[in-house]
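User: I would like to learn how empty spaces and packed helices are read from a protein model. Could you take me through them one at a time?

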Amino acid sequence: MSPNARRQPGLHAYRRPVAVLRLAFFGLVSLLASLFLSAWPNPAPQVVQAANSSPEAAAKAFRYVEATGHSLIAPVLRFYTRSGGEERHGKPLSELLYAKGHYQQYFERSLIEFYPAYNGSGEEVRLVPLGQQVAQEANLDLQPSAPFAGTPDHWYFPETGHGLKGAFLEFWRNAGEPSNLGQPISDEMSESAPDGSRLSVQYFENVRLQRPETSEKSLDTTISNLGTFQAQQKLKPAQLAPIPLSRFQAPRTVKIPSLMFHYTRLVDQKRDPLGYALSIKPDTYLQFLDWVQTNGYNTVTISQILDYLKYGILLPDKAVNFRWDDGHDNNWWVYQEMKKRGMTATFFVISHRLELLPAQWQQIDRDGFEVTAHTRTHPDLKGVRDLANEITGSKNDLEAMLGHPVRTFAYPYGKYGPAIKQVTRDSGFEMAVSTDGGYNFNLDDMFQQPVISVTGGDNVESFA
């Protein structure tokens, strides 16, 4: 690209004039240009990626669908609109549901995933290959057909070994082709409709196309409601139930206990009072988990709280966060016990003092627990000159280990100040937690969120 091609429209660089006449000449040109531009119609406003905008701005991009009682939040709404809207995807049947580090939302004809860690990259919203998923679960025979020389009216796809022709080819070409519907994974076949009539159907990576067997018209072709079928099979009634609009209009603040732990181990209180305060007996911790489940609480990660504040992605009822600081080796046992119970937690890890193998942290991360940053060496940041090395460096370390962005940060010893918060923000973190007591997470200061400490002296009664 030439240097001129990189310039923004309407912006020009001029050398400072030396002579008065030259100054007057350019001043006149500038005045005429400004008058001309002021008369020109304003360009349409550009959509700003949520990653580069405030949480308040992101909260405004929202649509509520009264027919189903569900919503679309900013990044998903943009994708939905640009890729065909209701005609392509149908109406939303659920909210965004947490699914191992990202979210899934069911629509009548689609299953859409949202990865907040990638917001602003163009990779944050993705289509689940629903046609492939349904075909595999139905044990359909998807063996490739014999290769043939394609024609303008009958295409052959060597990538999948199947052909596409007639009404289905015409519909496919007009509906976004592979980026939207995917490539064919079956040949055209016959199936029964719920009313007993016969349908011509063909499976694609993302959809199933269908039309009456008696018709060869593209206009009679539709996208099957595979999203509805999957939602009815895999979601609980509560996940499909309509949600009142008023719940989405509530102020973006949430009262939620974020419970801070460090160790599960046995410590002699007299010999090591600090170690005792930071440690929970393993049996006592299991009692905590059982109490949470028995009383109907639902565990969430710090990033899920962030996503509620930033996008309005609803948290489950009676949400509670378990936060484990420092990344000690006992976290492996914690992870295993919580996984058995279908729970999750946030682990703030010191990246240069890993007590678990990288493969173990990667497994914890894959199972939907949040593994995120707690500096490189756990210093008191108020005494650190090179803040970027500790804060940005820990982010880079963990992203290299996990293979994806990390979004939240915990201050060692809870120590922070304006400069520390600014470096944390500049490093690309979206939220930081302190050791300040309290329950209220809110948008007022995303880099000073609260916690409740759980100590070695706590039992089930005090925990409750």
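Analyst: Let us start with a small space: about 40 Å³ lies in the second largest cavity, where a cavity is a set of points, on a 1 Å grid over the protein atoms alone, at which a 1.4 Å probe fits but cannot get out, and a volume is the space filled by probe spheres set on the points. This is a predicted model, in which local features need pLDDT of at least 70 and side-chain atom pairs count only at pLDDT 80 or more, while totals for chains, interfaces and linings use all residues. Residues are numbered from 1 along each chain as its sequence is written, and side-chain values use heavy atoms, with hydrogens and water left out.

User: Which residues line the second largest cavity?

Analyst: Rolling a probe the size of a water molecule over the atoms shows where empty space is left. Here the lining, meaning residues with an atom within 4 Å of a point, consists of Ser71, Leu72, Ile73, Glu95, Leu96, Gln105, Gly312, Ile313 and Leu314. Strand β2 (residues 70-73) gives the largest share, 3 residues, a strand being a DSSP run of E with at least two residues.

User: How many cavities of 30 Å³ or more are there, and what volume has the largest cavity?

Analyst: The count comes to 2 cavities of 30 Å³ or more, and the largest cavity has a volume of about 50 Å³. Its lining includes Phe62, Ile73, Arg247 and Tyr308.

User: What is the volume of the largest pocket?

Analyst: A pocket is an open set of points with protein on both sides within 12 Å along at least five of seven lines. The largest pocket holds about 1,200 Å³ of space, and of the 34 residues that line this pocket, the closest to its centre are Leu97, Tyr98, Gln239, Asn298 and Pro316.

User: How do α12 and α14 cross?

Analyst: Two packed helices are described by the angle between their axes and the distance between the axes. Helices are DSSP runs of H or I with at least four residues, and axes are lines fitted to C-alpha atoms over the stretch in contact, with angles from 0 to 180 degrees between N-to-C directions. The axes of α12 (residues 282-294) and α14 (residues 331-340) come within 11 Å and cross at roughly 30°; the two helices are therefore roughly parallel to each other, a term for angles under 35 degrees. The contact, meaning heavy atoms within 4.5 Å, is made by Pro282, Tyr285, Leu286 and Leu289 of α12 and by Trp333, Val334, Glu337 and Met338 of α14.

Conventions:
Parallel < 35°, antiparallel > 145°, perpendicular 65-115°, else oblique.
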